[in-house]
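Student: Got a minute to go through a model with me? I'd like to start with the fold and then poke at the pocket.
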Amino acid sequence: IAEGLDGDDMHYVGLRDAGEVWRTLTTATTDARAWEHRTLDLTPYAGQTVTLYFGVKNDGDDDTAAWYIDDVLVTVCE
């Protein structure tokens, strides 16, 4: 939820790779207020230990920025 479609509020998915480098995988400024299915390709990080981050950036202008995440699944194919 990014109230008022505030372009300075955003949702993001990122990761820190094995070399401790931050990678932004996707960002969004949607105010859809509905569950959405998203798929991200993590193939470039195969064989590495990575840490996934799900977050919200709020610009502090009294609008609410929130994100509800459910059922995260990572599939490993060998």
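Tutor: Sure, we'll take the strands, then a few residues, then the pocket. Keep in mind that this is a predicted model.

Student: Okay, how many helices and strands does the protein have?
Tutor: The count is zero helices and three strands. Reading from the N terminus, the elements go β-β-β.

Student: And what order do the strands take in the sheet?
Tutor: The order is S2-S1-S3, in an open sheet with antiparallel pairing. S2 and S3 are the edge strands, each pairing on one side only. On average, neighbouring strands are turned by 20 degrees against each other, ignoring direction.

Student: Remind me, what holds strands of a sheet together in pairs?
Tutor: Backbone hydrogen bonds do the pairing, and it can be parallel or antiparallel.

Student: How many bridges are there between S1 and S2, and how many between S1 and S3?
Tutor: S1 and S2 are joined by six bridges. Between S1 and S3 there are seven. Both pairs run antiparallel.

Student: Which residues face each other across those pairs? A few examples will do.
Tutor: On the S3 side, Tyr-12 sits opposite Gly-55, and Val-13 has Phe-54 as its bridge partner. Towards S2, His-11 stands opposite Ala-28.

Student: What sits between S1 and S2 in sequence?
Tutor: Five residues, and the two strands form a hairpin around them. Glu-20 is in that turn, with a positive phi of about 65 degrees.

Student: Back to His-11. Is this residue buried or exposed?
Tutor: Buried. His-11, which belongs to strand S1, has a relative accessibility of 3%, and the cut-off for buried is under 20%, so His-11 falls in that class.

Student: Which backbone oxygen lies 3.2 Å from a polar atom of its side chain?
Tutor: That of Ala-66: its backbone oxygen is 3.2 Å from a polar atom of the His-11 side chain.

Student: Where else does Ala-66 turn up?
Tutor: Look at Val-56 in strand S3. Val-56 and Ala-66 are ten residues apart in sequence, and their C-alpha atoms are 6.4 Å apart in space.

Student: Why is Val-56 classed as partly exposed?
Tutor: Its relative accessible area is 32%, and partly exposed runs between 20% and 50%, so Val-56 belongs there.

Student: What share of the whole protein counts as buried?
Tutor: 15% of its 78 residues.

Student: Now the pocket. How much space lies in the largest one?
Tutor: About 1,300 Å³. Its lining takes in 41 residues, and those nearest the centre are Arg-38, Thr-39, Leu-40, Phe-54 and Val-72.

Student: Phe-54 again! Which elements give two or more residues to that lining?
Tutor: S1 (10-16), S2 (22-28) and S3 (51-57). S2 gives the most, with four residues.

Student: Last one: how does the lining divide into nonpolar, polar and charged?
Tutor: There are 24 nonpolar residues, ten polar and seven charged.

Technical notes:
Residues numbered from 1 in each chain as written. Predicted model: local features only at pLDDT ≥ 70, side-chain atom pairs only at ≥ 80, totals over all residues. Heavy atoms only, no water. 1 Å grid on protein atoms, 1.4 Å probe; cavity = no way out; pocket = protein on both sides within 12 Å on 5 of 7 lines; lining within 4 Å. Points joined across faces, edges and corners; volume = space filled by probe spheres on them. Nonpolar A, V, L, I, M, F, W, Y, C, P; charged D, E, K, R; others polar. Buried < 20%, exposed > 50% of the residue type's maximum accessible area, 1.4 Å probe, protein only. Polar contact = N/O pair within 3.5 Å; in protein donor to acceptor, adjacent residues only side chain to side chain. Pairing = 2+ DSSP bridges. Axes fitted to C-alpha atoms, helices over the stretch in contact; angles between N-to-C directions.
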